[in-house]
Amino acid sequence: MWLNVPLRAVKEQLKPTEFVRGAGEVVFDDADFGQMLWSLCSGAAHGDQWARLSLPDLTVVSRGEGTAIVYLSPSITRMAMVAMAAFAMVKKGFELHARRNM
């Protein structure tokens, strides 16, 4: 039993998005942030273009009529923030696991 629900029912009905949102709620008090963090990490891990363009710093070099030349560079600050948030979620998961298995 888990939260008064048979474990089998949890495994069959719990969707990954619900799990991620629940983790965001527990760790950050914000389900939307948990889902956004997961989506960003997943997109970056899978090489999705939208994620690759979300993480780097962007500097506009020049602008033309309807065009722009931009320089993308790694953002240590953004990468560190994502890594720290992911660490917080993993740490909380281990704490909850240890508490559940006492």
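**Salt bridges and helix H3**

Arg-78 has a relative accessible area of 35%, which makes the residue partly exposed. The model is predicted. It contains 3 salt bridges. Side chains of opposite charge can pair when their charged atoms come close. Each bridge is taken in turn below, followed by helix H3.

**Arg-78 and Asp-57**

- Arg-78 pairs with Asp-57 in a salt bridge, with 3.0 Å between the closest N and O atoms.
- The partners sit in helix H5 (residues 76-100) and strand E1 (residues 57-64), respectively, so the bridge ties together parts that are 21 residues apart in sequence.
- Asp-57 is partly exposed, at a relative accessible area of 32%.

**Arg-21 and Asp-32**

- A salt bridge joins the side chains of Arg-21 and Asp-32, at 2.9 Å from N to O.
- Arg-21 belongs to helix H2 (residues 16-28) and Asp-32 to helix H3 (residues 31-45), so this pair ties together parts 11 residues apart in sequence.
- Arg-21 is partly exposed, with a relative accessible area of 28%.
- Asp-32 counts as exposed, because its relative accessibility of 52% is over the 50% cut-off.

**Lys-91 and Glu-95**

- Lys-91 forms a salt bridge with Glu-95, and their closest N and O atoms are 3.6 Å apart.
- Both residues lie in helix H5, 4 residues apart, so about one helical turn separates them.
- Lys-91 is partly exposed at 45% relative accessibility.
- Glu-95 also counts as partly exposed, at 35%.

**Helix H3: span and ends**

- H3 has 15 residues, which at 1.5 Å a residue should span 21 Å.
- The C-alpha atoms at the ends of H3 are 21 Å apart, in agreement with that expected span.
- At the start of H3, a side-chain oxygen of Asp-30 comes to within 3.0 Å of the backbone nitrogen of Asp-32.
- Asp-32 is thus reached through its backbone by Asp-30, while the Asp-32 side chain meets Arg-21 in a salt bridge.
- Gly-47 follows H3 and has a positive phi, near 75°.

**Helix H3: buried residues**

- Which residues of H3 are buried? They are Ala-31, Gly-34, Leu-37, Leu-40 and Gly-43.
- These buried residues pack against H2, helix H4 (49-54) and H5.
- H2 therefore meets H3 in two ways: by packing against the buried residues of H3, and through the salt bridge that ties Arg-21 in H2 to Asp-32 in H3.

Key:
Residues are numbered from 1 along each chain as its sequence is written. This is a predicted model: local features need pLDDT of at least 70, side-chain atom pairs count only at pLDDT 80 or more; totals for chains, interfaces and linings use all residues. Side-chain values use heavy atoms; hydrogens and water are left out. A salt bridge is a side-chain nitrogen of Lys or Arg within 4 Å of a carboxyl oxygen of Asp or Glu. Buried means under 20% relative accessible area, exposed over 50%, partly exposed in between (1.4 Å probe, protein chains only). The expected span of a helix is 1.5 Å times one less than its number of residues. Contact means heavy atoms within 4.5 Å. A polar contact is a pair of N or O atoms within 3.5 Å; within protein, one must be able to donate a hydrogen and the other to accept it, and residues adjacent in sequence count only if both atoms are side-chain atoms.
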